[in-house]
Amino acid sequence: RFEDDDEFVAACAEKEDSDREQVWNRVKRMKNGQNPKALLPKVGISRLRGFLERRVDECYRRNVAKIVPLLKAEYISAERRLKACQKE
């Protein structure tokens, strides 16, 4: 659908602006006492990306203690197989 990355990025920026405008219109209609402008920075693709990057980082950090021993065991196993092949 997109010719190149720049075209995709531009489309994402346009969509984010459109989303912000749509949210702005909805928030203006709400009468909850909050300042609607305070909510706008929480809307859009860039906010979602930041949130997802933080979540991936948190999950990685939680699981790294589990991953390292598995990688070490795989390394030892591969090293053993390599030595067996070299003996043959």
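In the predicted model described here, the side chains of Asp19 and Lys15 are joined by a salt bridge with an N to O distance of 3.3 Å, where a salt bridge denotes a side-chain nitrogen of Lys or Arg within 4 Å of a carboxyl oxygen of Asp or Glu. The two residues lie four residues apart in helix H1, and therefore about one helical turn separates Asp19 from Lys15; helices are DSSP runs (H or I, at least four residues), numbered from the N terminus. Asp19 is partly exposed, its relative accessible area being 21%, and Lys15 is likewise partly exposed, with a value of 45%. In this classification, buried means under 20% relative accessible area, exposed means over 50%, and partly exposed covers the range in between (1.4 Å probe, protein chains only).

By the salt-bridge rule, four such pairs are counted, and among them are two within helix H3. Glu58 is paired with Arg55, with the closest N and O atoms 3.6 Å apart; because these residues are three positions apart in helix H3 (residues 45-87), about one helical turn lies between Glu58 and Arg55. Glu58 is partly exposed at 38% relative accessibility, and Arg55 is also partly exposed at 38%. A further salt bridge connects the side chains of Arg61 and Asp57, at 2.9 Å from N to O, and here the spacing is four residues in helix H3, again about one helical turn. Arg61 counts as exposed, with a relative accessibility of 58%, whereas Asp57, at 34%, counts as partly exposed.

Charge of one sign also gathers on the surface, where Glu3, Asp4, Asp5, Asp6 and Glu7 form a negative patch. Patches are built from residues with over 30% relative accessible area and no salt bridge, like charges being joined within 9 Å; Asp and Glu count as negative and Lys and Arg as positive, while His and the chain ends are not counted. The place of a charge is taken as CG of Asp, CD of Glu, NZ of Lys or CZ of Arg, and the accessible areas come from the Shrake-Rupley method with a 1.4 Å probe, only the protein chains shown counting as cover for residues. Within this patch, Asp4 is located in the segment before helix H1 (5-29), and Asp4 is partly exposed, with a relative accessible area of 40%.

Residues are numbered from 1 along each chain as its sequence is written, and side-chain values use heavy atoms, with hydrogens and water left out. As the model is predicted, local features need pLDDT of at least 70 and side-chain atom pairs count only at pLDDT 80 or more, while totals for chains, interfaces and linings use all residues.

Technical notes: Patches are made of residues with over 30% relative accessible area and no salt bridge: like charges are joined within 9 Å, nonpolar side chains (Val, Leu, Ile, Met, Phe, Trp, Tyr) within 5 Å.
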